[in-house]
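Student: I've just opened this one and I'm new to it. Can you walk me through how to read it?

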Amino acid sequence: MTAEQIKASTDMKTVIGMYGYEPNRAGFICCPFHGEKTASMKIYKDSFNCFGCGVNGDIFTFVELIENCSFKEAHKRLGGTYEGKMKDSTLGRITHLKRAKRTEIKFQTIDRYYKNRVVRY
């Protein structure tokens, strides 16, 4: 199934139900992406929006955030078949390199921050 076919056949309420969430009468749930006591995430037919933390998206975005996975993995978990142009190994290598670069930049930023703090005092 393609992404569009999955979107047409699966509504947001079904997807959140797979993870144990049940919206109240107004269509709200407690947001799973930040801690809270009151429901702030509105569940629509084909999307969601959290008024507390600002997270929003469709069924694929929800699965990506809950499972901490890529779109490709979320697509497969919702019953899709992936017909990408790249081989899995190439795609995995590119993803790994991007993550490594982001991690390197984060460490450089943290290092710079603490070096500046030490120099000032």
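Tutor: Sure. Helices here are DSSP runs of at least four residues, numbered from the N terminus. By that count, Ile110 lies in helix 5, residues 88-120. Keep in mind that this is a predicted model.

Student: How many helices and strands does the protein chain have?

Tutor: Five helices and four strands. Starting at the N terminus, the order is α-α-β-β-β-β-α-α-α.

Student: Back to Ile110: why does it count as partly exposed?

Tutor: Partly exposed means between 20% and 50% relative accessible area. Ile110 has 44% relative accessibility, so it gets that label. Together with Phe107, Tyr113 and Tyr114, Ile110 forms a nonpolar patch on the surface, with about 470 Å² of accessible area.

Student: And which residues of helix 3 are buried?

Tutor: Buried means under 20% relative accessible area. In helix 3, residues 59-67, that goes for Ile59, Phe60, Phe62 and Val63. They sit on the same side of the helix, because they cover an arc of only 160 degrees around the axis.

Student: What do those buried residues pack against?

Tutor: Their partners are helix 1 (3-9), helix 2 (12-18), helix 4 (71-77), strand 2 (41-43) and strand 3 (48-50).

Student: What is there to see at the ends of helix 3?

Tutor: At the N-terminal end, Asp58 acts as a cap, with a side-chain oxygen 3.2 Å from the backbone nitrogen of Phe60. Just after the helix comes Asn68, with a positive phi of about 55 degrees.

Student: What share of the protein chain counts as buried?

Tutor: 23% of its 121 residues.

Methods
Residues are numbered from 1 along each chain as its sequence is written. This is a predicted model: local features need pLDDT of at least 70, side-chain atom pairs count only at pLDDT 80 or more; totals for chains, interfaces and linings use all residues. Side-chain values use heavy atoms; hydrogens and water are left out. Helices (H or I, at least four residues) and strands (E, at least two) are DSSP runs, numbered from the N terminus. Buried means under 20% relative accessible area, exposed over 50%, partly exposed in between (1.4 Å probe, protein chains only). Patches are made of residues with over 30% relative accessible area and no salt bridge: like charges are joined within 9 Å, nonpolar side chains (Val, Leu, Ile, Met, Phe, Trp, Tyr) within 5 Å. Accessible areas come from the Shrake-Rupley method with a 1.4 Å probe; for residues, only the protein chains shown count as cover. A salt bridge is a side-chain nitrogen of Lys or Arg within 4 Å of a carboxyl oxygen of Asp or Glu. The arc is that of the directions from the helix axis to the C-beta atoms. Contact means heavy atoms within 4.5 Å. A polar contact is a pair of N or O atoms within 3.5 Å; within protein, one must be able to donate a hydrogen and the other to accept it, and residues adjacent in sequence count only if both atoms are side-chain atoms.
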